[in-house]
Amino acid sequence: MPSLPDMTTPDVVALAESAAAAQSHDPHVQDVDLKPAFFDWLCRMGDNTLILGHRISEWCGHGPALEEDIALANTALDLIGHTQMWLGLAAEVQSEGRTADDLAFLRDAMKFRNLQLAELPNGDMAVTLMREFLFDAWHFHMLTALTRSASPRVAEIAAKALKEVSYHLERSSDLVVRLGDGTQESHARMQEALDRLWPYSGEMFVADAVDDAVANAGIAPVLADLQPAWQQTVEEVLAEATLTRPEGRADVHRGGKQGRHTEHLGYILAQMQFLQRAYPGASW
Amino acid sequence: MYAQMVKSEGMKSADEMSPEERAFQERIDRNEKIEPKEWMPEGYRKTLIRQIGQHAHSEIVGQLPEGNWITRAPTLERKAILLAKVQDEAGHGLYLYSAAETLGVSRDELFEKLHSGAMKYSSIFNYPTLTWADMGAVGWLVDGAAIMNQVPLQRTSYGPYSRAMIRICKEESFHQRQGYAIMMKMAEGTPEQKEMAQDALNRFWYPALMMFGPSDKDSVHSAQSMAWKIKMNTNDELRQKFVDETVPQAEYLGLTVPDETLRWNDERGHYDFAEPDWEEFFEVIKGNGPCNRERLEARRTAWDNGQWFRDGLSAYADKSAARRRAATVAAE
Ligand SMILES: [Fe+2]
Ligand SMILES: [Fe+2]
Ligand SMILES: [Fe+2]
């Protein structure tokens, strides 16, 4: 049992974080012209990981096998860690005295910038895994490109996150293959999940003025340039999984990036933000 | 303590033991570790399976009351810490099921017994987590009580169990600390936060005391388990130790332990304290706790809904093994 002094040690994590933030100088962070787009884009990165992490964390204690339960919690944990980094930088860029927590817990749905794909309900494990796979494949190629970002701070976050996301993609690809080529039932469920999610996958590659601005500044890649690599990853895995890529359009459902969401996001926020909303200004 | 009222086989005197049994007991008395392939009395094996199984079940059912607050954690950091904690508990389940497997019982068999109600898990996880302060109280008191029991179990006679305990204890002290950190924040926070903290202590105090199992005078299975070094201390010893360590921590928080009879006894060098309501305890064990039905249903549903997933993976494993065999044949 830890002794009392041990338990009253001040929070070293916060100290370490502020020390790390002071480390690398990055002119983009103070660039006034770039600020609105850069802030928005950082929220997109952080909101994707926050909302998907939230969804995946809903599985905790309810997974289909103990190993899977652990892996899902681990993935959610990684994504929440990425959120702290992306939204932390977003708050810095915004420079209005807000924190990553303020952004996560005190914005309403209209201000959330995640892809609609991330907020869809978990469904069964087939939907959860297929959603992870489609997102992981994008996330992996995105972060790989971001490690070469003109913004050192972005490149630094991307490099840290990429290690974990490479593993996420490896794991979700592997499971898509095994379940796609498993039993008749697992195959049918995976195909159904793919058909359902496919129309949400295109949003990842549809650029708007925000994406153009950060691409022009050399901070992020041109989204359309990521598409072929994503397509290749996805097609290879689907082929091995004996699954069929849907014929229909991939970009049917869009708008999350601009703050137009599905009905589901409101419920996520109602749950996630409950304590911060019910007890304004309290510290936890 | 995650193992309560584990039924143990009857105690034998040295004269009643066979030569094998006597040699086995002597090894234990010399603090030698018993390893899976070695001879052991059937009663030792059975008792261990019950105890390790119950402990493993407690870890995974224990994910539920805390998992209940992951999506509502108040900050990103708290969310990450809680996720890591609940993930650890699943990991503890995994180590313990593996330890039980070395005794010849599969994880699926143990799950089956959990789901049918033939095996129990700790009574504590049948209580609900109602406010965020409960995440503090559970870490502080529940993991705290678990540590009380598990630290001595690191020296238990069965090698795989002892090694699992050593790994688990490292993580449990982090769990307790994060719980206490939440309590500190709440206790020094707004009046509402302080109220939640006190309420959490009020609700979890007696259920935490119950974790050590019934009073020694009613604890029928202790002697044999202690001789086998499967159980290292009596229930009352551990409960007293827990109270002695926890009361000053509650005082430090400025919270009141919900026991009017609680007093330091100079003569004994221990706190005097009120026993929990044992009738309530036996009701919870019987299935009549506030959340028994929900907890078990959640575990069964997860298992049933996961059937196709597990079947899919094993079908794929069979297919790829067949493909590998075919490829080897073709290559020859
Ligand atoms: Fe544990
Ligand atoms: Fe535990
Ligand atoms: Fe724990």
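These are my notebook entries on a predicted model with chains A and B.

**Entry 1: confidence**

I began with how far the predictor trusts chain A. The average pLDDT of chain A is 93, and 92% of the residues score at least 70. I then looked for a weak stretch and found one at residues 1-9 of chain A, where pLDDT stays under 50. For residues 1-9 the model still has 22 contacts beyond four places in sequence, and I noted that count next to the low score.

**Entry 2: where chain A meets chain B**

Next I turned to the interface. How many residues does each chain bring to the contact? I found 58 residues from chain A and 58 residues from chain B. Between them, chain A and chain B bury about 5100 Å², with 69% of it on carbon and sulfur atoms.

I looked up the polar side of the interface too. Across it there are 15 residue pairs in polar contact, both residues being at pLDDT 80 or more. Which element of chain A gives the largest share of the side that touches chain B? It is helix 5 (residues 66-94), with twelve residues. Sorted by class, that side of chain A has 30 nonpolar, 15 polar and 13 charged residues.

I also checked for salt bridges between the chains, and the count is three. I wrote down the one between Asp181(A) and Arg323(B), where the closest N and O atoms are 2.6 Å apart.

**Entry 3: salt bridges within a chain**

Over all chains, the structure holds 31 salt bridges. I picked some to look at by eye.

Glu92(A) pairs with Arg153(A), and their closest N and O atoms are 2.8 Å apart. Glu92(A) lies in helix 5 and Arg153(A) in helix 9 (residues 152-180) of chain A, so this pair ties together parts that are 61 residues apart in sequence. I looked up accessibility for both partners: Glu92(A) is partly exposed at 33%, whereas Arg153(A) is buried, because its relative accessible area is 11%, under the 20% cut-off.

Glu185(A) and Arg189(A) form another salt bridge, with 2.9 Å between the closest N and O atoms. Why are these two separated by about one helical turn? They are four residues apart in helix 10 of chain A. Glu185(A) is partly exposed at 41%, and Arg189(A) is partly exposed at 26%.

In chain B I looked at Arg30(B) and Glu32(B), whose side chains meet in a salt bridge at 2.9 Å, N to O. Is Arg30(B) buried or exposed? Arg30(B) is exposed, with a relative accessible area of 52%. Its partner Glu32(B) is partly exposed at 28%.

**Entry 4: Asp208(A) and its network**

I kept Asp208(A) for the end. This residue is found in the loop between helix 10 (184-201) and helix 11 (209-216) of chain A. Is Asp208(A) buried or exposed? I can call it buried, because its relative accessible area of 17% is under 20%.

Then I looked at what surrounds the residue. A polar atom of the Asp208(A) side chain lies 3.1 Å from the backbone nitrogen of Val210(A). Leaving aside neighbours within four places in sequence, Asp208(A) is in contact with Arg44(A) and Gln258(A).

Arg44(A) turned up again when I traced salt bridges: Asp208(A) and Arg44(A) belong to a network of salt bridges that also links Asp40(A), Arg113(A), Asp211(A) and Lys257(A).

Key: Residues numbered from 1 in each chain as written. Chains lettered and ligands numbered in written order. Heavy atoms only, no water. Buried < 20%, exposed > 50% of the residue type's maximum accessible area, 1.4 Å probe, protein only. Polar contact = N/O pair within 3.5 Å; in protein donor to acceptor, adjacent residues only side chain to side chain. Contact = heavy atoms within 4.5 Å. pLDDT = per-residue confidence, 0-100. Buried area = accessible area lost by both parts, 1.4 Å probe. Salt bridge = Lys/Arg side-chain N within 4 Å of Asp/Glu carboxyl O. Nonpolar A, V, L, I, M, F, W, Y, C, P; charged D, E, K, R; others polar.
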